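I opened the notebook to record what I looked up, one entry per topic. The structure comes first, then my entries.

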Amino acid sequence: MNIWRDFHGPNAGYVLELYERYRQNPGSVDAATRASFARWTPAVDGAPAVAAPAIGKIVGAVTLAQAIRTYGHLAAQLDPLGSPPPGDLSLEPTTHGVTEEDLRRLPASLIDAPFVERVANALEATQALRAIYSSTIGYDYGHIRVPEEREWLRLAAESGRFRPPRDPINPEALLERLTQVEAFEHFLHRMFPGKIRFSLEGLDMIVPILDEVIGEAAEARIHNILIGMAHRGRLNVLAHVLNKPYAQILAEFKDLTRGRTRLDGIDQAAGDRLLASWTGYVKYHMGARRALKGGEPLNVVVSMPPNPSHVESAYPVVEGMAYAAGTQVDKPGPPRFDPTVSLPILIHGDAAFPGQGVVAETLNLSRLPGYHTGGTIHVIANNQLGYTTNPKDARSTLYASDLAMGFEIPIVHVNADDPEACIESARLAFAYRTKFQKDFLIDLIGYRRYGHNEGDEPRFTQPLMYEKIERHLTVRELWATTMITRGLIDGGWPKKLMQNRMQALQRVLESLHPEVDLVEPQPKAPAPGAARRVQTAVPAQRLRELHASLLWVPEGFTLHPKLERAMQRRGTALATLDEPGIDWATAEHLAFASILEDGIAIRLTGQDVERGAFGQRHAVFHDMKTGKVFTPLQALPQAKAAFAVFNSPLTENAAIGFEYGCNVQEPGRLIIWEAQYGDFVNGAQMMIDEFVASARAKWGQTPSLVMLLPHGYEGKGPDHSSARLERFLELAAETNMRIANCTTAAQYFHLLRWQAALLEADPLPLVVLTPKSLLRHPLACSSLWDLAEGRFKPVIDDAQARQRPEEVRRLILCSGKIHVDLVTSGHRAETPGIAITRIERLYPFPADDLRPVLDCYPKLESVAWVQEEPENMGAWISLRPHLGALINGRWSLRYIGRPPNSSPTEGSSAWHATNQRTLVEHAYDLNSAIAEDVFISLKET
Ligand SMILES: Cc1ncc(C[n+]2csc(CCOP(=O)(O)OP(=O)(O)O)c2C)c(N)n1
């Protein structure tokens with residue numbers, strides 16, 4: 001072959017390069033190109049082996065075919081409103097040095113495709129490829145790096161195995177389904193004009209797509225199908241996919257109310273209080289659950305968890321639910337995940353998908369150990385608008401789905417007006433997910449019949465688009481026309497179907513009974529007195545046995561020398577009953593071990609939790625010689641349930657959402673998330689506001705997620721000091737969570753055990769501010785006795801001052817690490833008139849535990865709240881009214897701490913040390929003449 005004569009410009013170089021690659025390694029070029037090169041013998045010593053022009057044309061035909069496969073979606077007719085596709089030069093034959101005539105002269109067999117037997121030549125073969133790749137589906141797979149997956153996807157598209165006629169659909173059933181979907185919207189529109197429902201119209205095919213996926217999943221005996229969905233079309237999906245009764249939806253639309261019911265199991269006052277805290281939520285965000293019963297398959301539950309308005313925020317939660325549902329934890333050791341148990345389906349908005357960071361975070365979880373759900377089916381409900389914003393202002397990518405490419409998720413873009421293409425996409429998605437246990441994305445491109453909501457005027461901002469939409473037939477009408485054209489139904493049938501549905505809805509509306517039809521989730525009442533009755537102490541002998549098991553490592557396992565020494569030190573921690581030798585991490589391990597022995601599974605995640613951000617935990621050991629890992633809590637002979645520990649990705653928002661999902665799905669497991677530094681929890685403020693704090697009031701969910709947040713002012717600057725305690729306290733109301741700042745290892749031990757014991761009886765999220773430098777501080781260490789005999793104390797009084805209560809003039813109240821700064825100060829011994837009491841549980845405020853402390857100092861003159869956080873942060877603002885009520889004017893109440901500031905603390909450690917010293921001095925200054933709150937200077941001196 002004479003390459004320079006047969007090919008021109010870059011093509012020549014490209015073909016040479018391609019051929020050379022093929023020669024060196026036939027596997028390095030794709031299958032189609034390989035097949036073509038295999039059919040001709042290349043030139044030897046410059047002598048042409050095949051007719052020279054043919055070779056150039058052959059290669060042109062092959063590269064054209066390849067371009068259609070990779071870029072054909074750019075010429076696909078994806079927009080039901082008819083906007084022209086962007087196209088691509090590589091789809092033109094001339095770009096590859098061939099003409100239609102050339103292609104007609106070449107054999108079809110050049111193009112390696114399942115249909116080549118049925119076409120006459122290469123032109124027909126490329127036309128067949130165009131009909132597949134540039135039709136109403138755009139297969140967007142070029143970014144998949146695994147050849148086996150690419151090949152599977154190519155064959156799936158080119159064989160037509162998921163579409164009629166090879167895989168038939170029931171056209172009548174589809175028409176009836178589309179009629180249900182459309183009638184529902186029409187009816188609401190007519191009966192409740194102007195009421196918000198976030199109509200599905202324009203994307204009606206979502207319901208048949210879900211039908212298809214759920215049907216396939218049920219046949220595959222997937223037990224748990226979880227659908228995450230935002231506002232758009234949610235009511236329609238609730239009605240038709242989740243079978244939420246029409247009567248209930250219509251009663252909600254009519255704003256009917258039913259009498260408040262009493263809650264069982266608690267007294268009237270507590271019940272009324274619980275109901276008073278119940279706010280409920282708007283109808284288009286409420287959840288639902290449907291059990292598919294009878295016949296085969298059995299035991300399939302389809303659920304749509306409730307979600308807040310914050311678009312996309314619920315999706316890591318849904319993923320966590322799916323993961324937990326598929327995870328077995330009833331045996332000791334690591335948890336066992338079965339990808340065939342549950343299926344998450346997430347329906348996204350086209351503006352929200354690229355715009356909300358939580359989407360990228362959630363996609364990044366999809367293939368990580370400890371987060372992998374066996375593959376999620378994503379559908380972008382792409383109506384080509386976000387509120388009033390056009391795609392060009394909403395994303396920097398061509399497609400709304402492009403973000404998924406980085407995660408190697410196959411994408412199909414599909415025109416929502418072509419039902420057969422949509423059904424094919426759903427089948428393909430499920431089959432791919434089943435085969436590869438990976439995510440798949442359907443970019444369902446439709447339109448939005450009304451404004452963002454039904455009260456909005458879309459012509460203010462999209463006048464031309466809505467001119468088209470007004471004239472555009474619905475997908476039901478289009479499908480009915482197709483059926484009539486195919487001779488499947490007569491012309492009057494679609495109208496008749498529609499009338500029947502409208503009449504059925506009318507009958508439901510006319511016979512509503514709020515008492516029966518309105519079903520509100522009721523907040524679950526805690527078991528009365530459960531929290532008081534819990535025993536958290538563990539007998540010393542049992543603790544010693546657990547400790548011995550935790551110190552065991554397999555024969556021949558080589559620990560890091562430093563860890564070896566640490567283990568030896570740990571070995572003696574429980575030797576005596578009353579030596580305070582148990583540090584934070586040892587207490588945590590003992591708490592975990594005893595909880596596992598009690599049969600409660602534990603899942604601990606967060607950034608670097610295996611080692612612990614401060615090198616304190618070492619839940620996983622690494623063999624110095626082999627690199628093998630060993631997790632003592634997974635080898636614990638006493639354990640009766642699984643222990644999971646996973647380093648999370650560098651993510652807070654989706655990570656907490658995921659754990660929240662695990663927690664609400666399987667509330668009997670102790671789920672713990674740890675922040676690297678508590679400061680970074682504010683990256684997940686949305687999850688905390690919307691789920692952790694308020695899900696009980698809005699949706700009746702009863703989370704019990706534990707969040708460990710390292711907190712304490714140690715001179716590390718504004719972003720390594722504060723877990724923003726004030727934000728949690730601000731969100732605390734109606735006993736919606738527990739917030740603690742423990743100062744000893746034993747307190748932490750008892751708190752963890754307390755939480756585990758209350759998972760079912762009195763579940764509440766638990767926020768624990770945990771230490772950093774105090775992790776190993778002698779004053780934070782506890783004795784075996786403290787663990788074996790003690791309990792969690794919401795308030796710890798000053799044992800020294802209690803010996804001489806009549807000397808005390810000032811009672812300092814504080815919480816957390818500042819206590820250690822105060823009691824280790826040189827002023828402590830010189831100022832016997834000061835007692836220092838720790839509040840270890842900040843919420844619920846422990847009034848009953850604090851009252852006797854206040855009453856036991858007869859000569860008390862003042863009470864001071866001392867904190868290291870600025871006045872507008874920390875516990876002061878929330879605690880002040882509680883303290884004021886307890887003090888009730890008997891003594892003055894002072895604040896001693898940093899003045900208000902927008903930043904949590906100083907940027908330099910020297911400056912921090914100065915202020916911390918000043919703070920402690922003020923706290924001990926009994927002669928301070930300042931009657932009001934005492935401020936320390938924030939200026940460096
Ligand atoms: C986090 C968040 N920011 C803003 C909003 C307000 N909002 C609600 S829907 C919406 C547009 C969403 O567009 P898209 O994702 O395309 O979904 P569509 O409504 O078009 O179905 C906006 C901005 C919100 N609900 N959540």
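**Ligand**

I began at the ligand, where a backbone N or O atom of Val311 lies 3.2 Å from a ligand nitrogen atom. I should say at once that this is a predicted model. I then looked up Ser309, and found one of its polar backbone atoms 2.9 Å from a nitrogen atom of the ligand. For Ala352 I noted a polar backbone atom at 2.9 Å from an oxygen atom of the ligand. I also looked up how much of the ligand is covered: on its own it has 580 Å² of accessible area, and the protein covers 74% of that.

Which residues come nearest to the ligand? I wrote down His231, Arg232, Ser309, Asp350 and Ala352, out of 15 residues around it. By type, the shell holds 5 nonpolar, 8 polar and 2 charged residues.

**Whole protein**

I stepped back to the whole chain. The protein has 941 residues, and buried ones make up 60% of them. I listed 37 helices and 25 strands as its secondary structure. The C-alpha atoms fill a box of roughly 110 × 80 × 55 Å along the principal axes. The accessible surface comes to about 37400 Å², and carbon and sulfur atoms hold 53% of it.

I then looked up how far apart in sequence the contacting residues are. Taking the contacts with a separation of 6 or more, I found that 80% are between residues 24 or more positions apart.

**Confidence**

I checked pLDDT next. The average for the protein is 91, and 91% of the residues score at least 70. Where does pLDDT stay under 50? One stretch is residues 42-53, for which the model has 15 contacts beyond four places in sequence. Another is residues 929-941, with 38 such contacts in the model.

**Cis peptide bonds and positive phi**

I looked for backbone features that go against the usual pattern. Most residues other than glycine have a negative phi, and most peptide bonds are trans.

I found a cis peptide bond between Pro164 and Pro165, with omega at about 5°. Pro165 sits in the loop between helix H7 (147-159) and helix H8 (171-191). I found another cis peptide bond between Tyr843 and Pro844, where omega is about -10°. Pro844 is in the loop that runs between strand E22 (841-843) and helix H35 (847-855).

For positive phi I noted Phe198, which is not a glycine and has a phi near 50°. Phe198 is placed in the loop between H8 and helix H9 (206-219). Is Phe198 buried or exposed? I recorded it as buried, because its relative accessibility is 8%.

Arg221 is not a glycine either, and its phi is positive at about 60°. Arg221 belongs to the loop between H9 and strand E2 (224-229). Its relative accessible area is 48%, so I entered Arg221 as partly exposed.

**Three residues looked up singly**

I looked up Arg753 in helix H30, which covers residues 745-757. Arg753 has 8% relative accessibility, and therefore I entered it as buried. What does Arg753 contact beyond its neighbours within four places in sequence? I copied out Gln535, Thr536, Ala537, Val538, Arg542, Ala591, Ser594, Ile595 and Asp598.

Thr702 is in the loop between helix H28 (695-699) and strand E16 (706-710). I counted Thr702 as buried because its relative accessibility is 17%, and the cut-off for buried is under 20%. Leaving out neighbours within four places in sequence, I found Thr702 in contact with Lys524, Arg696 and Pro763. I also looked up Val664, 38 residues from Thr702 along the chain, and their C-alpha atoms are 6.9 Å apart.

Gly571 is in helix H24, residues 561-571. At 35% relative accessibility, I wrote Gly571 down as partly exposed. Not counting residues up to four places away in sequence, Gly571 touches His547 and Leu551. I looked up one pair here, Gly571 and Cys814: they are 243 residues apart in sequence, and 33 Å apart in space from C-alpha to C-alpha.

Technical notes. Residues numbered from 1 in each chain as written. Predicted model: local features only at pLDDT ≥ 70, side-chain atom pairs only at ≥ 80, totals over all residues. Heavy atoms only, no water. Helix = DSSP H or I, 4+ residues; strand = E, 2+ residues; numbered from the N terminus. Buried < 20%, exposed > 50% of the residue type's maximum accessible area, 1.4 Å probe, protein only. Contact = heavy atoms within 4.5 Å. Near = heavy atom within 4 Å. Polar contact = N/O pair within 3.5 Å; in protein donor to acceptor, adjacent residues only side chain to side chain. Areas by Shrake-Rupley, 256 points an atom, 1.4 Å probe, with all protein chains shown as cover. Nonpolar A, V, L, I, M, F, W, Y, C, P; charged D, E, K, R; others polar. pLDDT = per-residue confidence, 0-100.
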